[in-house]
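Please open the model in a viewer and keep the selection panel at hand. The tour below proceeds stop by stop, with a short note on what is found at each.

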Amino acid sequence: MNAESAKGHQLEQQIAHFLGQHRYTVSTNVRVPGRSGAVHELDVVGDKSDGLTSFRLVVECKAWAAPIDKQVVYKLAAELADLGAARGIIVTPSVWTA
């Protein structure tokens, strides 16, 4: 595992722990088939249910040395649409491009 992969794994674990503390059922590195038939690998998935409603949060973790660009945002938006998921966030300790 290279340094960037190790940082990414550590970031995923930190986010999973945070969501777990807020009563989410958490999974990491989940492979989920979308409506299109494409299989999406999701870094962190948090599920919460109150018995009447369910909520799924998809988290994309990017611990890159390079700035995060709009392609990462577009990719997550496409995955959410294909999965029928309502909410997703991108977490990074890096910076974003303009």
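**First stop: the pocket**

The largest pocket has a volume of about 190 Å³. The model under view is a predicted one. To find the pocket, select Gly8, Glu12, Cys61, Lys62 and Trp64, which lie nearest its centre among the 14 residues of the lining. Next, colour helix 1 (3–21), strand 2 (39–49) and strand 3 (54–61), the elements that each give two or more residues to this lining. Which element provides the largest share? Helix 1 does, with five residues. Colouring the lining by class shows seven charged residues, four polar ones and three nonpolar ones.

**Second stop: a salt bridge between buried residues**

A search of the whole structure finds four salt bridges, and three of them are visited on this tour. Keep lysine 62 selected and add glutamate 60. Their side chains meet in a salt bridge, with a distance of 2.8 Å from N to O. Are these two residues buried or exposed? Both lysine 62 and glutamate 60 are buried.

**Third stop: a salt bridge between two strands**

Now select arginine 31 and glutamate 41, whose side chains form a salt bridge at 3.8 Å, N to O. Arginine 31 belongs to strand 1 (residues 25–33) and glutamate 41 to strand 2, so the pair ties together parts that are ten residues apart in sequence. A surface display shows how the two partners are placed: arginine 31 counts as exposed because its relative accessibility is 59%, while glutamate 41, with a relative accessible area of 41%, is partly exposed.

**Fourth stop: a salt bridge within a helix**

Move to helix 2 (residues 70–83) and select lysine 75 and glutamate 79, which both lie in this helix, four residues apart, about one turn of the helix. The closest N and O atoms of their salt bridge are 2.8 Å apart. How exposed is each partner? Lysine 75 is partly exposed, its relative accessible area being 45%, whereas glutamate 79, at 5% relative accessibility, counts as buried because this value falls under the 20% cut-off.

**Fifth stop: a nonpolar patch on the surface**

Select Val73, Tyr74 and Trp96 together and show the surface. These residues make a nonpolar surface patch of about 320 Å². Tryptophan 96 is in the segment after strand 4 (87–91). With a relative accessible area of 43%, tryptophan 96 is partly exposed.

**Last stop: two positive phi angles**

The tour ends with the backbone. Select arginine 23, in the loop between helix 1 and strand 1. Its phi is near 65°, a positive value in a residue other than glycine. Arginine 23 is exposed, with 74% relative accessible area.

Then step along to asparagine 29, which is found in strand 1. What is the phi of asparagine 29? The angle is near 50°, again a positive value in a residue other than glycine. Asparagine 29 has a relative accessible area of 35% and is therefore partly exposed.

How values were computed
Residues numbered from 1 in each chain as written. Predicted model: local features only at pLDDT ≥ 70, side-chain atom pairs only at ≥ 80, totals over all residues. Heavy atoms only, no water. Patch = residues over 30% accessible without salt bridge, like charges linked within 9 Å, V, L, I, M, F, W, Y side chains within 5 Å. Areas by Shrake-Rupley, 256 points an atom, 1.4 Å probe, with all protein chains shown as cover. Buried < 20%, exposed > 50% of the residue type's maximum accessible area, 1.4 Å probe, protein only. 1 Å grid on protein atoms, 1.4 Å probe; cavity = no way out; pocket = protein on both sides within 12 Å on 5 of 7 lines; lining within 4 Å. Points joined across faces, edges and corners; volume = space filled by probe spheres on them. Nonpolar A, V, L, I, M, F, W, Y, C, P; charged D, E, K, R; others polar.
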